[in-house]
Amino acid sequence: MKPALAWIPRGIVLGLIVFAVFGPLANLALWAFAEQWYYPHKLPVTYGLRFWNQVFKPRGDALESLWTSVVIAVSTVVACLAISVPAGYALARLKLPARTLIMLAFLLPQAFPSLAVYINIARLFYGLGLNGTIAGVVLVHTVHGLVFGVWISTAAFAAVDRDLELAARSIGASAFRSFMTVTLPLAAPGIMASAVFVFLESLDEFTGTYFVGVPDVTTLPLLMFTASIAGNYQIAAITALVLLVPSILFMLVVERFLKADVMAKVGA
Amino acid sequence: MKESRILPLVLVAPALVTVLALFVYPLGFSLVTAFVDKAGAVTLTNFARAFEFYANDILFTLVIIALSTALVGLLAVAIGGYLTLGENPAAVAALRWLYRWPLFIPFVVAAQCMRTFLAKNGLMNNSLVAMGLLDPQQTAGLLDWRGIVITFVWKQLPFVALLVAGAMASLDRTTIEAARNLGAGRPRILVEIVLPQVRQTLLVGLVLSFVTMMSVLSVPIMISGESPTMITVDMAFRINNYGDYGTANALGFISYALTGVAAWFYLKRGISGGGKP
């Protein structure tokens, strides 16, 4: 086939992919800016920002949910890193019995369908007074994020050149000091990557929050879901767009965050 | 040297205890609850009720997830294959830029996009009618099992394709070039040379994807409100309307069992790769 002719099938396939990827997103964007849209009109009848004002009005539901979501996500990152950085270091550098089993334990929340587990966590949390609290939701998100926290920080520590640590030790630095001044800074980009994963995972989490957060904790995904079920497509679309921003940003930069040397060691 | 033996355990303990207390324990609780009645006696009535009410939904769930997984696998190999073997740099670059967009989009957002896009008078049908590809009288909504499959594939494909494309990119190119020099076509190189070498990565991606889809509650509720539905919806219904933990956990047990085979692949891979420091 001539090079120019080869662009015909190629163009059709790429066009279909563009339609499949961006069509649903375009529909969402249209709904976010549609003030009136009803059958048989193929496009919104009037556009405007009326619903944006409604969503972002001071002390409105959406701003409150956004704040709740961010507080939960940041707390989840802090809780997750606080326990996974030490664990990652130990798994990468120190001798541990049953190391493989320990690594696999962190994978369990991803290896089992989690909905049935959330139901039972909610039941147990109810007895502990943790249902409907931010703390309860943070705990649930932390468990789910641990696999990123532990596996990626283990990989990040494993990718740090051991000779640099030995050099620090040989000029008299204590084990703790060489960790704080040499190992941790070198592993920091990988740990940052795991933090972003944990943050996004928490920000986007729906099912666990649905069972454990009721009735008092409404995160952005829950608000979006409620609006959609109630048929408020504009409100749902606007909240969905807000949730899209961090997802798309991270998708665009994910490879810069996760360097190949760290990627190669994930799960090892 | 007594300290150095305890220190690693101390460092790992908080993370490990968290998983054990907040995942393994509730998981065990769910397994036990599935097999006991309200009085605490061992029984199979929860399963009897689960099958009596939800046999169709169990089958429906399995078919939807199996179909979605198969489509994701097929398309991920096609995307990875084109990115690896494609000869036109511009087309390869365009595909590489395009396929990843839904990667981190949450399921609720994907469901909301599809809920409007796939409706009878949604943007998809409207665009097809406007392009003259579809008769306005023929339009039909896809908001049933097909919508769920489309949403799952849309959302999960970039993840599996990313893994597969990454594995393909790190292959030794000499065998590919050798096959090409011997006159093998690209589809044949993909199936006979590239695919066997990335099989493990593909399986891992598909199993993780399978487990994820098995836990999604928002998509079946938002895409298709009708019966049959997926067992995640049934579990939520048993809890919210009847506080019926027995039947919900029996359904949960069935969802573990359905993923059991899939998880087995994954654990096998994890052990074979996880022993090395």
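Colleague: Which residues does A:Met251 touch, leaving out those up to four places away in sequence?

Modeller: In this predicted model, A:Met251 touches B:Arg100, B:Trp101, B:Leu103 and B:Phe104. A:Met251 itself sits in helix α11 of chain A, residues 233–257.

Colleague: Why is A:Met251 called partly exposed?

Modeller: Count the C-beta neighbours. A:Met251 has 18 of them inside 10 Å. Buried takes 20 or more, and exposed takes 12 or fewer. With 18, A:Met251 falls in between, so partly exposed is the label.

Colleague: Now α3 of chain A. How do you know that its span agrees with its 33 residues?

Modeller: Set the expected span against the model. At 1.5 Å a residue, helix α3 (residues 61–93) of chain A should span 48 Å. The C-alpha atoms at its ends are 47 Å apart, so the two agree.

Colleague: And where in α3(A) does the kink lie?

Modeller: At A:Ser84, shortly before the proline A:Pro86, with a bend of about 30 degrees.

Colleague: How many residues of each chain are in contact with the other chain?

Modeller: 70 residues of chain B are in contact with 71 residues of chain A. On the chain B side, α1(B) gives the most, with 16 residues. By class, that side of chain B has 48 nonpolar, 19 polar and three charged residues.

Colleague: Which residues touch the most other members of the largest nonpolar core?

Modeller: B:Val19 and B:Val164, in a core of 168 residues.

Colleague: What makes you say this core lies between domain 1 and domain 2 of chain A?

Modeller: Look at who contributes. Domain 1 (3–48) and domain 2 (58–263) of chain A both give residues to the core, so it lies between them.

Colleague: What does B:Val164 touch, not counting residues up to four places away in sequence?

Modeller: B:Val164 touches B:Ala76, B:Val77, B:Gly80, B:Val198, B:Thr201, B:Leu202 and B:Gly205.

Colleague: Back to the two domains of chain A: how far apart are their C-alpha centres?

Modeller: The centres of domain 1 and domain 2 of chain A lie 34 Å apart. Their contact takes five residues from domain 1 and six residues from domain 2.

Colleague: Which helix gives the largest share of the domain 1 side?

Modeller: Helix α1 (residues 3–33) of chain A, with four residues. The side of domain 1 that touches domain 2 has five nonpolar, no polar and no charged residues.

Technical notes: Residues numbered from 1 in each chain as written. Chains lettered and ligands numbered in written order. Predicted model: local features only at pLDDT ≥ 70, side-chain atom pairs only at ≥ 80, totals over all residues. Helix = DSSP H or I, 4+ residues; strand = E, 2+ residues; numbered from the N terminus. Contact = placed C-beta atoms within 7 Å. Expected span 1.5 Å × (residues − 1). Bend = angle between axes of the 7 residues up to and from the residue. Nonpolar A, V, L, I, M, F, W, Y, C, P; charged D, E, K, R; others polar. Core = buried A, V, L, I, M, F, W, Y, C linked by C-beta atoms within 7 Å. Domains from an automatic or database assignment.
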